[in-house]
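Work through the exercises below with the sequence and the model side by side, and try each task before reading its solution.

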Amino acid sequence: MSMKQYLRLKVQAAKDRWSGDGKDKVRIDDELPMNLRIGSRVQFAEAPFLLAGDATHVLYPGAETLLAAFSEVELGGMKTYRLYLDSRDDPEESAMLMLLMDDKGERVDERYVFHEQYELPLYHVAVNDVPEHEDETSAVDFWLAKDEGILGMPLFHTPDELVYERLWEHDQDIWLKPTSLNETIILDPYGEGTTEVEHLGTMLFARAFDGLGGVETQEYLLPTVERDNDGFRVRIWVGLPLAAADIDLPDAI
């Protein structure tokens, strides 16, 4: 199940609980960066996606999206917001806007828009020597086991044979322990609806390529081994960096 489908079910359940009964409730989404709230419009310039050209896997989310859910986590030692957006152009499309805050956690320092490219089984589809009879524990080890798990390697090979370099401690040609974290995704303005996702391991990779006109562009890869009430999965996001001018927020207070 894609993140879009997963959150749609969770958000609808949350709406059923609080719709029509929010007069005396206190919103908990009013301290998000850039004065955003659930339901806020987030508009993207198309230029960064056009400049990346056909070489990128990141889809343009449309001129306007709506903030449907969010979470606050620590990623690579930085306070990070993950804003889950629904496209208004195509209800089946979604994106995740990831905001990295400054050292004080007060100002947005970096912005990335991610698209969910793959949802893989625990076994990497490109590896043929993994026994089919192995259980989920062995499968998780395949991704995360110390000194051997593929998420900790300096290079990551995707199913379509692209190669990304690890960004964290990229100068170290050794296995690096993936980051683990627990993510509480807020599904409604009052925090009554939430869903928990345990990220057993995640790592940030990148590759450089020539975009339109030969302009060098970086594309980021964020693979994660997840576990929730529905079980295990490997979710792989691809993303592009954005400048502040690439995002417009018409509903920001």
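A nonpolar core is a set of buried Ala, Val, Leu, Ile, Met, Phe, Trp, Tyr and Cys residues joined through side-chain atoms within 4.5 Å, where buried means under 20% relative accessible area. The model examined here is a predicted one.

**Exercise 1. Describe the protein as a whole.**

Solution. Begin with the secondary structure, which consists of 3 helices and 13 strands. Next, turn to burial: of the 253 residues of the protein, 48% count as buried. The surface comes after that, with about 12900 Å² exposed, and carbon and sulfur atoms supply 47% of this area. Finally, consider how the chain meets itself: among contacts between residues at least 6 apart in sequence, 55% join residues at least 24 apart.

**Exercise 2. Find which residues touch the most other members of the largest nonpolar core, and follow the contacts of Leu97.**

Solution. The largest nonpolar core has 41 residues, and those that touch the most other members are Val42, Phe44, Leu83, Leu97 and Trp143. As for its origin in the chain, the largest share of this core, 5 residues, comes from strand 12 (residues 231-242). Now take Leu97 and set aside its neighbours within four places in sequence; its contacts then include the core members Val42, Phe44 and Leu83, and also Met34, Tyr81, Arg82, Leu85, Tyr112, Val113, Leu242 and Ile247. A second core, separate from this one, has 18 residues, among them Ala69, Met96, Met98 and Leu187.

**Exercise 3. Locate the largest cavity and characterise its lining.**

Solution. The count of cavities of 30 Å³ or more comes to 1, and the largest cavity has a volume of about 30 Å³. The residues that line the largest cavity are Leu75, Arg82, Leu181, His199, Thr202, Leu222 and Thr224. Two or more of the lining residues are given by each of strand 9 (194-202) and strand 11 (216-228). Sorted by class, the lining holds 3 nonpolar, 3 polar and 1 charged residues. Arg82, which belongs to this lining, is also in contact with Leu97 from the previous exercise.

**Exercise 4. Place Leu200 and list what surrounds it.**

Solution. First assign Leu200 to its element, which is strand 9, one of the strands that contribute to the cavity lining. Then compare positions along the chain and in space: Leu200 and Trp143 are 57 residues apart along the chain, while their C-alpha atoms are separated by 9.8 Å. Lastly, leaving out residues up to four places away in sequence, Leu200 touches Val140, Leu144, Thr179, Ser180, Val225, Arg227 and Phe232.

Definitions and conventions. Residues numbered from 1 in each chain as written. Predicted model: local features only at pLDDT ≥ 70, side-chain atom pairs only at ≥ 80, totals over all residues. Heavy atoms only, no water. Buried < 20%, exposed > 50% of the residue type's maximum accessible area, 1.4 Å probe, protein only. Helix = DSSP H or I, 4+ residues; strand = E, 2+ residues; numbered from the N terminus. Contact = heavy atoms within 4.5 Å. Areas by Shrake-Rupley, 256 points an atom, 1.4 Å probe, with all protein chains shown as cover. 1 Å grid on protein atoms, 1.4 Å probe; cavity = no way out; pocket = protein on both sides within 12 Å on 5 of 7 lines; lining within 4 Å. Points joined across faces, edges and corners; volume = space filled by probe spheres on them. Nonpolar A, V, L, I, M, F, W, Y, C, P; charged D, E, K, R; others polar.
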